[in-house]
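Trainee: I would love a close look at one part of this model, and I am happy to follow you slowly from strand to strand. Could you walk me through chain B, and then show me where its partner comes in?

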Amino acid sequence: MRKLKRVNKRVLIQTVIITVIVLIAALLCIFPFYWMILTAVKNHDLINQGTVDLVTFDLTWESFKAVFGYNGGLIWRAYLNSFIIAIVQTLGTLFTSSLAAFAFAKIKFKGSKPIYGLFIATLMIPGQVTMLPLFMMFAKIGWTNSFLPLIVPSVMINTYGVFMLRSFIVSIPSGLLEASEVDGCGWFRKYFKIILPLIKPALITLGLFSFIGSWNNYMGHLIYLSDPKLTTIPLFIAGMKETHMTGAAWGRIMAASTLSIVPIAIIYLFCQKYFVQGIATTGMK
Amino acid sequence: MGISREEKELLKKQNEEIKRQQQLIREQYNKMLIDEDNRRKQPKLAPDNVYISLQNINKVYDNYVQAVFDFNLDIQEHELIVFVGPSGCGKSTTLRMVAGLEEITTGDLYIDGVYCNEKTAKERDIAMVFQNYALYPHMTVYENLAFGLQTRKYSKEEIDERVKRAAEILQITEYLQRRPKELSGGQMQRVALGRAIVREAKVFLMDEPLSNLDAKLRVSMRSEIINLHKKINATTIYVTHDQTEAMTMASRIVVMKKGYVQQIGTPEEVYAHPANTFVATFIGAPAMNLVECDYNDGRLIFENGFEIALDKEHKAAHDEFYRQRIAETQKLIDEKDYEKPDMNVLLTLHREKFSLKKLIAKIFGKKQQPVKIKTPQDRLEELQALLDEYKKCLDGGHRVIFGIRPEDIYENTEIPSAVRRSQALSLNVSLAELLGSEYHIHMQLGGHEIIAKCKVTRHIPDNSDFGLVFDLNKLHLFDTIGTKAIL
């Protein structure tokens, strides 16, 4: 009886320690959001006080009203543009990446390994290096001030996506593809009917990464989109800070930021259950 | 650290020999390519009265390993052919070549009168059951069964009817809406079979379909497949490593080993007249007892002094066997067969035109393993040595391998009347295994272990003496040189 109690005590202490560590980590993650949302709903006077105050709750919707009213409801335009870019880019990336990944994983052709190696090597080139040449190229073909430079390159090549999906597809047993071949499938039918349904969890994960990447792509949007009609959420938030004489309008910036994370949070909630899922391969022994 | 002069000389000589051989190979290889090209250009005529025909099929993998050597087989419609052999004997590879999942390196394949080498699996109208079932995990059983029909654009009603009929035959109607992961091994196996049945294809191919099931289920599925074949009557090729499956299911068995066909025949033929020692020991359980002994003028003399006198017919068969071997070998020498290129070596070169690996090996000066090829002179000498051996065998005493199945050994006191008995022999029992209805009695004869299968009439203790006779009607003799069957 005594021994049992001692064991229980040890387990209890362990649990407490682990819980505390996890709690601290969670708080560190949550804190920026808390601060952002608090600032967004705070009274203006309190924000500009100069000291950090995290516990006074003098709430107002003024900041949100200012955001929605800014430039005659420009935020809706920004939302729409951001969505268009993110969705087109994500769907395109998923399609091309999975197609390339399928080829690299399951189709035998001469030189597939060296080509794949070269392909993966491009991961080592930092984006900043290609930024200027890309801009000059797109300027030359007259694509600046349109969504094309933001969508086309990432649809045409997403090295990380190919890399990630290939490792998923490799783990799909070749027997399934052979069975489908005997069942009368050509390469495209194999891709659509067998491969795509089986890598759904990976596609959803990659899709989310791609969507978030595009949604938050401030630099790219700043470089290519100068027309106010083409403004996107990151640009819109950046635009918020310019006020006359009064310094940065923190309330408005934080309110806009809060609004910008809403779509992502919703998507994340829907996709959450797929992240941990592996490929379902039962049916094979 | 320097190399001595002699060693240098030797190395130089070796290199020259390798170069000479490589030159030889290249010449012969080019000739073979031209021949093969010419052969492929000729119009292909399917053989008459044969449903599936495999002619001189060879398979060489990209890593230059040859998996199948000169496979020849004609299959009639409605036959159930079983390929059997130990793992790695090329049986699955052959099946996959028929299916179109592997390319045929050389040779011709005809299915139902159509030249099929260049047809894809899709175009060949075959149905296949895989060892690991290969059910689509994201589809229900119904969708799994229907998939092959959907891709072939059947109408919905037709698909529904066929799926339901197949499900009924296999008794899986109640699982149709489940997914594969909710099924047991036996049920998955049925679905895999069903996927083949719904297709009503020309040819059924089964690649070790029962090897993932437990022993009991395997036996019941085995008889189900036999019944299914009777019902559907599709031409079937069945691959297994289990000789019991082969014996019970096949209309004809193809025994394979290391890529070579050892024997083709009905189960009865293969069991009663194995073509060589491999087939003799592979088919039947426990395996046939093989004991090396001396042959001298119609008498078999064992190391412990025991003798068996062969009758005249057996002796005549023995002489005839060696006469034939001599004639064959002489014919090879006369026809200058040794000057023909060594196909086995040449085929492995089939794809060796360019490879990055080889290039890298060359650049970094890695030593390459030269392909060994026998010169015509070497082969002629070999053939002549063989001829001499056979001649010796015909003329005087020589070693043979005596074979008798465990079920053809009888206890001295319990001999059925049909048995033509040898002299009695008493051996010490090293181990007597009781299997319920019968004993497996292990004994030593001339340094070889032999097993006798006997009905249980009394308790047989280990280390006791056991009196036995052989059934002379069922004895086998094998040649020690080529391990081929003499009797």
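Mentor: Here is a walk through chain B, followed by a visit to chain A.

Please keep in mind that we are looking at a predicted model. Let's begin with the whole chain. Chain B contains 13 helices and 20 strands. Taken along the principal axes, its C-alpha atoms fill a box of roughly 75 × 75 × 55 Å. Of the 487 residues in chain B, 32% are buried. Now think about contacts in chain B with a separation of 6 or more: 68% of them join residues that are 24 or more positions apart.

Next, find strand E1 of chain B, residues 52-60. Is this strand mostly covered or mostly open? Mostly covered: seven of its nine residues are buried. E1(B) has strand E2, residues 66-75 of chain B, as an antiparallel partner, and six bridges join the two. To see one of those places for yourself, look at B:Ile57, whose bridge partner in E2(B) is B:Phe71. E1(B) also pairs in the antiparallel sense with strand E4, residues 106-111 of chain B, this time over five bridges. There, B:Asn58 has B:Thr106 of E4(B) as its bridge partner.

Now move further along chain B to an open sheet of five strands. Their order is E15-E19-E16-E17-E18, and the pairing is antiparallel. The edges are formed by strand E15 (409-411) and strand E18 (448-455) of chain B, each of which pairs on one side only. On average, neighbouring strands of this sheet are turned by 50 degrees against each other, with direction ignored. At one edge, E15(B) pairs with strand E19, residues 465-470 of chain B, in the antiparallel sense over three bridges. Look for B:Glu411 here: it stands opposite B:Leu468 in E19(B).

So much for the strands; let's see where chain B meets its partner. On the chain B side, 24 residues are in contact with 20 residues of chain A. Strand E6 (126-129), helix H3 (141-151) and helix H5 (185-199) of chain B each supply at least two residues of that side. The side of chain B that touches chain A is made up of 15 nonpolar, six polar and three charged residues.

Since we have reached chain A, let's visit two places there. One is A:Gln89, which sits in helix H4, residues 74-106 of chain A. A residue is called buried when 20 or more other C-beta atoms lie within 10 Å of its own. A:Gln89 has 24 C-beta neighbours inside 10 Å, so A:Gln89 counts as buried. Leaving aside its neighbours within four places in sequence, A:Gln89 is in contact with several residues, among them A:Leu150, A:Ile151 and A:Ser214.

The other place is a pair of helices in chain A, H9 (residues 174-182) and H10 (residues 187-198). They pack at an angle of about 130 degrees, and their axes are 10 Å apart. Because of that angle, H9(A) is oblique to H10(A). The crossing of H9(A) past H10(A) is right-handed. From H9(A), the contact uses A:Leu176, A:Leu177 and A:Ser180, while H10(A) brings A:Lys190, A:Lys193 and A:Ile194. Sorted by type, the residues of this contact are three nonpolar, one polar and two charged.

Technical notes: Residues numbered from 1 in each chain as written. Chains lettered and ligands numbered in written order. Predicted model: local features only at pLDDT ≥ 70, side-chain atom pairs only at ≥ 80, totals over all residues. Contact = placed C-beta atoms within 7 Å. Helix = DSSP H or I, 4+ residues; strand = E, 2+ residues; numbered from the N terminus. Nonpolar A, V, L, I, M, F, W, Y, C, P; charged D, E, K, R; others polar. Buried ≥ 20, exposed ≤ 12 C-beta atoms within 10 Å, placed from the backbone. Pairing = 2+ DSSP bridges. Axes fitted to C-alpha atoms, helices over the stretch in contact; angles between N-to-C directions. Parallel < 35°, antiparallel > 145°, perpendicular 65-115°, else oblique. Left-handed = near helix turned anticlockwise from the far one by under 90°.
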